[in-house]
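Good morning, colleagues. Please look at the structure on the screen, and I shall take you through a few of its features.

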Amino acid sequence: MEWIKAIAREVLGLFVDDGSFAAAIVIWLGVVWLLSHRIPGIMAWSGIILFAGLGLILLWSTRQRSRQ
């Protein structure tokens with residue numbers, strides 16, 4: 001049973017290096033999706049909002065990594 005956990009951990013590690021970075025991206029995607037469906041006029045701006053938010057998340061993550 002331990003070897004299954006180890007394999008799962010390794011496979012997940014191939015795709016997710018920084019858990020907080022991945023979580024922030026998923027949360028931001030959810031926020032933009034909710035906003036685009038709840039607020040009628042924001043649909044035209046949702047791509048720009050998504051791009052700006054992902055850029056800020058990337059800058060935040062880079063700054064955190066550079067401090068370490």
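E2 counts as exposed, with a relative accessibility of 57% in this predicted model. K5 stands at 46% and therefore counts as partly exposed, since the exposed class begins over 50%. The side chains of these two residues, E2 and K5, meet in a salt bridge, at 3.9 Å from N to O. The structure holds one salt bridge. Both E2 and K5 belong to helix 1, and they are three residues apart, about one turn of the helix. In general, an α-helix has 3.6 residues a turn, so residues three or four places apart point the same way.

Let us stay with helix 1, which covers residues 2–15. I4 is found there, and I4 is partly exposed, with 44% relative accessible area. L14 is also part of helix 1; at 69% relative accessibility, L14 counts as exposed. Which residues make the nonpolar surface patch? The patch is made by M1, W3, I4, I7, V11, L12, L14, F15 and V16, and its area is about 1000 Å². As for distance, I4 lies 45 Å from I39, C-alpha to C-alpha, with the two positions 35 residues apart in sequence numbering.

I turn now to helix 2. Helix 2 runs over residues 19–38, which makes 20 residues. From its first C-alpha to its last, helix 2 reaches 28 Å, close to the 28 Å expected at 1.5 Å a residue.

Which residues of helix 2 are buried? They are A24, V32 and S36. These buried residues cover an arc of only 95° around the axis, which puts them on the same side of helix 2. The other side of helix 2 carries the exposed residues V26, I27, W33, H37 and R38. Against what do the buried residues of helix 2 pack? Their partner is helix 3, residues 46–67.

Let me take S36 as a single case. S36 has a relative accessible area of 12%, and S36 is buried because that value is under 20%. Apart from neighbours within four places in sequence, S36 is in contact with I42, M43 and S46.

To close, two points may be kept in mind. Helix 1 contains both partners of the salt bridge, E2 and K5. In helix 2, the buried residues A24, V32 and S36 lie on the same side, and the buried residues pack against helix 3.

Key:
Residues numbered from 1 in each chain as written. Predicted model: local features only at pLDDT ≥ 70, side-chain atom pairs only at ≥ 80, totals over all residues. Heavy atoms only, no water. Helix = DSSP H or I, 4+ residues; strand = E, 2+ residues; numbered from the N terminus. Expected span 1.5 Å × (residues − 1). Buried < 20%, exposed > 50% of the residue type's maximum accessible area, 1.4 Å probe, protein only. Arc of directions from axis to C-beta. Contact = heavy atoms within 4.5 Å. Patch = residues over 30% accessible without salt bridge, like charges linked within 9 Å, V, L, I, M, F, W, Y side chains within 5 Å. Areas by Shrake-Rupley, 256 points an atom, 1.4 Å probe, with all protein chains shown as cover. Salt bridge = Lys/Arg side-chain N within 4 Å of Asp/Glu carboxyl O.
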